[in-house]
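Subject: Handing over the structure

Hi,

Here is the structure I said I would pass on. Have a look at it first, and then read my notes below.

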Amino acid sequence: AAASETAPAAAKVRGKACDMVTQAEMSAILGGAVTAVATEGGQSWTQCIYSPVTGTAPLEVELKVEWGAGPSLAPAAGLANSAAPIDAVDPLQGIGDHAVQVPGLVLIKVGEDLMTVQFVYGDTDLPGKARRIFETAKGRM
C-alpha cells in the first residue's frame, strides 16, 4: 500500500491595509484628498496611514489590521459597555462581529482579526466614517 502524503497547508494570503481602502476611497470617505503610506508587520499586522494632502483637513486616519488579535477586543468591550448610558443606542451596531469606540479610536473584531481605525484629529462622525471604512475594507482582508 502506498503511503498517503498530505501537502502542507498553504499560508493564508492576507490583504494589505492600503489595498483594503485605497487612497482614492479614503479621500472620498473623509471628504478631501489624502496620501497613503503603508507599513507592514510581516505576518502579524498591516497598517496604512492616510494624511491630508494639505493642512489638517480632512483628518489623518490610521487603518490597522492585526491578524489573530480579534479575541483581545473582549476586555475593551467590557470597559466601553460599562461606561455607556443604560438604553443607549449603539452607533457601532452591525460593524464587524463587534465594535467598540474609545476617544479617537474604533476597534472592530472581524472573525479572529482586529481592525483598528484611529482618527488622529477630532471628528464628529467617527462611527459613520468607521462604518464606511469597514464596509470598504472587509471584502479585501
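First, a term: pLDDT is the predictor's confidence in each residue, on a scale from 0 to 100. The protein chain averages a pLDDT of 82, and 77% of the residues score at least 70. This is a predicted model, so to speak of local features I need a pLDDT of at least 70, side-chain atom pairs count only at pLDDT 80 or more, and totals for chains, interfaces and linings use all residues. Residues are numbered from 1 along each chain as its sequence is written, and side-chain values use heavy atoms, with hydrogens and water left out.

Where is confidence lowest, and where is it highest? The lowest mean, 56, belongs to helix α3 (residues 73–83), while α1 has the highest, at 97. Over residues 81–87 the pLDDT is below 50, and this stretch has 0 contacts in the model beyond near neighbours in sequence. A contact, by the way, means heavy atoms within 4.5 Å.

**The overall picture**

The protein chain has 4 helices and 6 strands. Both kinds of element are DSSP runs numbered from the N terminus: helices are H or I with at least four residues, strands are E with at least two. From the N terminus on, the order is α-α-β-β-β-α-β-β-β-α.

Of the 141 residues in the protein chain, 38% are buried. Buried means under 20% relative accessible area, exposed means over 50%, and partly exposed is in between (1.4 Å probe, protein chains only). The accessible surface comes to about 7,900 Å², and carbon and sulfur atoms account for 56% of that. Those areas come from the Shrake-Rupley method with a 1.4 Å probe, and for residues only the protein chains shown count as cover. If you take the contacts between residues at least 6 apart in sequence, 53% of them join residues at least 24 apart.

**The disulfide**

How many disulfides does a search of the whole structure find? It finds 1, where a disulfide is a pair of cysteine sulfur atoms within 2.5 Å. Cys18 and Cys48 are the partners, with 1.9 Å from S to S. Their link is right-handed, with 90° about the S-S bond. Cys18 lies in helix α1 (residues 17–20) and Cys48 in strand β2 (residues 45–52), so the pair ties together parts that are 30 residues apart in sequence. Are these cysteines buried or exposed? Both Cys18 and Cys48 are buried.

**The strands around β2**

Strand β2 is mostly covered, with 6 of its 8 residues buried. Strand β1 (residues 34–40) runs antiparallel to β2, and 7 bridges join them. Two strands count as paired if DSSP finds at least two bridges between them. You can check the register yourself: Thr39 has Gln47 in β2 as its bridge partner, and Ala38 stands opposite Cys48. β1 and β2 form a hairpin with 4 residues between them, and Gly42 in the turn has a positive phi of about 65°.

β2 also pairs with β3, again in the antiparallel sense, over 6 bridges. Here Gln47 stands opposite Lys64 in β3.

**Helix α2**

Now find helix α2 (residues 23–30), whose buried residues are Met26, Ser27, Ile29 and Leu30. Seen down the axis of α2, these residues fall within an arc of 165°, so they line one face of the helix. That arc is taken from the directions from the helix axis to the C-beta atoms. Ala24 and Ala28, on the other side of α2, are exposed. What covers the buried residues of α2 includes β1, β2, β3 (61–66) and α4 (126–137). Just after α2 comes Gly31, with a positive phi near 85°.

**Two residues to click on**

Leu126 lies in helix α4 and counts as buried, at 7% relative accessibility. Not counting residues up to four places away in sequence, Leu126 touches Gln101, Gly104 and Phe119. Leu126 and Gly104 are 22 residues apart along the chain, and their C-alpha atoms are separated by 7.5 Å.

Gly111 is in the loop between β5 (105–110) and β6 (113–119). With a relative accessible area of 31%, Gly111 is partly exposed. Leaving aside neighbours within four places in sequence, Gly111 is in contact with Gly70 and Asp97. C-alpha to C-alpha, Gly111 and Asp97 are 6.7 Å apart, with their positions 14 residues apart in sequence.

Cheers
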